[in-house]
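Reader: I would like to go through this model with a few questions, starting with its charged pairs. Please reason briefly and end each reply on what was asked.

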Number of protein chains: 2
Amino acid sequence: MKSNKIAPKTLPGFMELLPSEQLVFEKVAQVLRSVYSNYGFYPLDTPILEYSQILMAKAGGETEKQIYRFNKGDTDLTMRFDLTVPLAKYVAGHANELAFPFKRYQIGKVYRGERAQRGRFREFYQADIDIIGDGQLSTINDAEIPSIIYDTFTQLGIKDFTIRINNRKILSGFFNIMGLSENTVDILRIVDKLEKIGRDNVIEELINLKVSPEDAETILNFVNAKGSNQEKLDYISIYKGKDEVFDAGFEELALVLNYIHSFGVPESNYTIDYSIARGLDYYTGTVYETMINAHPEIGSVCSGGRYDNLAEYYTDRKLPGVGISIGLTRLFYVLSTMKAFEESNFSAADVMIIPMTEDLSYAIETSSALRKSGLRTQIYFESKKVKQKMAYANKTNMPCVLLLGEDEEAAGRVTVKFLETGEQVTDTLEVVTGLIQACTDKKHQAYVIQNMNV
Amino acid sequence: MKSNKIAPKTLPGFMELLPSEQLVFEKVAQVLRSVYSNYGFYPLDTPILEYSQILMAKAGGETEKQIYRFNKGDTDLTMRFDLTVPLAKYVAGHANELAFPFKRYQIGKVYRGERAQRGRFREFYQADIDIIGDGQLSTINDAEIPSIIYDTFTQLGIKDFTIRINNRKILSGFFNIMGLSENTVDILRIVDKLEKIGRDNVIEELINLKVSPEDAETILNFVNAKGSNQEKLDYISIYKGKDEVFDAGFEELALVLNYIHSFGVPESNYTIDYSIARGLDYYTGTVYETMINAHPEIGSVCSGGRYDNLAEYYTDRKLPGVGISIGLTRLFYVLSTMKAFEESNFSAADVMIIPMTEDLSYAIETSSALRKSGLRTQIYFESKKVKQKMAYANKTNMPCVLLLGEDEEAAGRVTVKFLETGEQVTDTLEVVTGLIQACTDKKHQAYVIQNMNV
């Protein structure tokens with residue numbers, strides 16, 4: 001007989017996790033929220049749907065093709081494709097009600113109808129933080145961002161990463177000095193390919209652009225400056241005094257480096273990199289990229305920078321800012337495929353009660369007491385054999401089960417069994433609660449990323 | 001001069017909160033997540049967009065008119081209008097990978113293009129929990145739900161609420177016994193209006209439905225049973241033995257009441273109410289509504305019940321369940337208009353550092369130490385007068401500021417000023433950290449709902 005059921009399919013490019021994977025994802029998101037909150041950022045939530053006119057104020061080209069846009073009644077609607085444009089709208093619309101600098105984080109879904117392929121998502125989470133000033137914003141904010149990136153990745157369990165820092169004014173000023181300012185965009189695009197295509201090919205492409213071989217060498221030496229951060233600063237100091245933009249960028253970068261040190265970020269986790277530029281028409285000062293050292297193939301996992309004017313399409317008010325973004329869904333996907341997480345460490349409850357008596361009152365009263373002690377507690381209510389109940393506990397990665405039979409109830413005791421070790425203890429609820437809490441604390445303190453193989 | 005700016009408008013019916021309001025909303029959502037987790041529910045996240053064929057499997061009438069549905073390329077897409085249909089798809093699609101009973105909570109946005117009016121939202125959060133069984137699900141799960149509702153509302157700070165409980169089988173069985181089973185739907189619809197239109201009008205409408213005056217009296221007496229829960233059970237026990245469906249419902253309700261007591265829910269917070277039926281074609285057993293006693297005009301703030309078959313449109317597998325839902329955005333809106341929250345208790349940071357020296361190293365190092373102690377710490381980096389910095393701290397509801405001048409730095413001390421009391425203390429960072437933590441702990445322990453005026 002043919003079934004008339006509808007196949008329960010999920011759209012391609014739309015991530016849908018199994019329960020234990022979702023627990024891991026929530027933990028990752030929780031680490032991000034916790035770090036951002038530690039620095040005094042407000043959470044923000046904005047609509048997923050907006051007037052197309054608002055979201056498309058700036059967009060064009062690729063963005064326009066990828067967006068989810070439709071009419072409902074007379075209204076032209078678009079699903080947001082990033083969190084920056086909605087932020088611009090929000091700040092412009094509420095400028096008189098906000099206190100500046102306005103620091104907000106947002107972890108939310110965005111939509112892009114990209115070509116579906118493995119690891120590419122059409123619905124995905126971005127995790128953004130931004131600090132927005134009213135008219136002006138101190139450069140010292142730019143030094144706080146690497147500290148936030150550092151806390152984020154170390155608290156996730158990643159230690160061997162490098163925050164690459166540059167300042168767009170240094171690049172612009174340098175090309176001014178070289179007399180190549182008209183070609184800045186093209187040159188940077190070529191230089192950006194250095195790691196992919198190698199030094200010789202880059203020089204060849206630069207020469208094709210009518211850059212002299214000597215200038216091509218100078219450019220490559222500049223963007224490839226080696227040594228400590230101080231040495232890299234010293235290396236380009238020969239250009240000081242020749243161009244105002246360069247000098248401003250140099251001072252900003254020196255200040256940022258000075259204060260990153262005060263924030264306590266280890267020197268091994270950040271480096272000046274004169275080759276990074278990020279979005280060519282958006283950022284105007286400090287720019288950041290973050291590489292996981294053992295996995296350069298992932299690309300930057302956290303990027304951003306300083307911009308002069310957040311909301312120029314919506315307001316005359318000048319709103320400079322600095323921010324970074326993590327492509328959370330993609331990062332989670334990549335880490336999952338690397339088996340960086342130990343899913344078996346994650347369970348929806350800290351303890352599962354297996355009642356072995358007809359009447360469940362004792363089990364229920366025990367569950368309430370455990371919850372009051374802060375332990376996430378599930379009772380297995382179904383009438384199954386003990387073996388099936390244990391199989392459920394194993395399948396759901398329960399750290400332990402509480403076995404409550406007639407003997408336990410009569411004696412006012414409980415029996416706990418830890419599933420990993422097989423250890424079994426019968427004692428008062430108070431003693432057993434302590435044992436479970438110790439086990440749970442250990443799990444909570446563990447980093448969500450366990451195996452970077454680095 | 002005419003501005004060429006686009007007005008930064010948000011769509012009507014789409015809630016967008018100011019920062020301090022958003023902090024309150026997050027706290028409310030956090031209480032819900034915490035309670036649901038305490039009972040061992042998995043978090044779940046499903047796409048906001050799905051194939052229209054999936055979401056519209058059952059829908060019709062009002063739903064069809066209200067949905068956000070559109071084509072992208074050849075694909076017919078719909079934005080989810082509840083969290084139940086996506087859950088059904090999810091469980092049907094992953095049935096072989098899930099462990100049953102599957103307990104999940106989901107707090108997510110849903111979309112309904114209702115007529116825009118005050119307090120009605122087109123994008124809004126629902127907070128759902130469901131327990132799904134494979135083939136069968138113990139009735140004792142139905143007794144756990146009121147305990148979860150109780151924890152949710154008491155932990156939010158609402159004490160005077162009533163969970164109304166009924167069982168659909170009791171109603172069906174009663175109407176079978178009365179020989180009125182064909183009119184059940186119409187009768188319940190009329191009885192449901194009792195509070196609105198009064199007893200006499202209900203009787204009149206029942207008589208118009210060709211119910212005899214005597215039967216109308218009997219129906220009204222039945223659904224209006226008074227007294228303790230035990231008395232209400234006793235009151236209808238005269239119908240026992242006359243109809244199988246009635247008897248099953250009676251046994252279920254008695255069992256549920258027995259175990260609600262074990263869960264420790266106070267008798268004053270739940271009551272049998274034979275008049276409630278909820279969605280007439282969906283629920284098949286226990287049903288719940290939750291009323292805030294001083295505000296009946298809000299209607300039920302948390303409703304749900306037992307259903308026989310979650311995913312019949314997608315699978316032959318029988319998946320019975322029990323669940324409840326909170327219309328979170330609407331509830332938040334209603335509580336806000338009642339001024340139930342103390343927004344001034346909420347700040348994005350626990351302490352703001354105001355540096356009073358040119359060099360900010362001491363301020364930055366102090367901030368890192370505070371964050372390590374678990375205090376959310378913001379530094380005010382901008383070059384403004386101290387008065388403006390204090391105005392910022394006040395506007396953002398900071399509990400306290402840390403004033404760091406040359407004297408403090410030279411002596412290795414810090415000065416804290418608590419904004420509510422004006423109290424100012426200069427001491428070591430360790431001592432001051434303790435003071436701030438005490439202040440913060442007090443705020444964290446406070447209920448998010450402070451003024452129900454009940």
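Author: This is a predicted model. A salt bridge joins the side chains of Lys5(A) and Asp316(B), at 3.9 Å from N to O. The pair crosses between chains, from the segment before helix 1 of chain A to the loop between strand 10 (303-307) and strand 11 (321-327) of chain B.

Reader: Is Asp316(B) buried or exposed?

Author: Over 50% relative accessible area counts as exposed. The relative accessible area of Asp316(B) is 65%, so this residue is exposed.

Reader: Which class of exposure does Glu252(B) fall into?

Author: Glu252(B) forms a salt bridge with Lys169(B), with the closest N and O atoms 2.6 Å apart. Glu252(B) in helix 12 (residues 244-262) of chain B and Lys169(B) in helix 6 (residues 168-177) of chain B are 83 residues apart. Lys169(B), at 22%, is partly exposed. Buried means under 20%; the relative accessible area of Glu252(B) is 16%, so Glu252(B) is buried.

Reader: Which residue of strand 6 of chain A stands opposite Lys109(A)?

Author: Strand 5 of chain A and strand 6 (residues 123-132) of chain A pair in the antiparallel sense over 10 bridges. Across this pairing, the residue opposite Lys109(A) is Tyr125(A).

Reader: What is the volume of the largest cavity?

Author: The search of the whole structure finds 5 cavities of 30 Å³ or more. The largest cavity is lined by 31 residues, and those nearest its centre include Tyr125(A) and Tyr125(B). The lining divides into 16 nonpolar, 5 polar and 10 charged residues. The volume of the largest cavity is about 720 Å³.

Conventions: Residues are numbered from 1 along each chain as its sequence is written. Chains are lettered from A and ligands numbered from 1 in the order in which they are written. This is a predicted model: local features need pLDDT of at least 70, side-chain atom pairs count only at pLDDT 80 or more; totals for chains, interfaces and linings use all residues. Side-chain values use heavy atoms; hydrogens and water are left out. On a 1 Å grid over the protein atoms alone, a cavity is a set of points where a 1.4 Å probe fits but cannot get out, and a pocket is an open set with protein on both sides within 12 Å along at least five of seven lines; lining residues have an atom within 4 Å of a point. Grid points are joined across faces, edges and corners, and a volume is the space filled by probe spheres set on the points. Ala, Val, Leu, Ile, Met, Phe, Trp, Tyr, Cys and Pro count as nonpolar, Asp, Glu, Lys and Arg as charged, and the others, Gly among them, as polar. Two strands pair if DSSP finds at least two bridges between them. Helices (H or I, at least four residues) and strands (E, at least two) are DSSP runs, numbered from the N terminus. A salt bridge is a side-chain nitrogen of Lys or Arg within 4 Å of a carboxyl oxygen of Asp or Glu. Buried means under 20% relative accessible area, exposed over 50%, partly exposed in between (1.4 Å probe, protein chains only).
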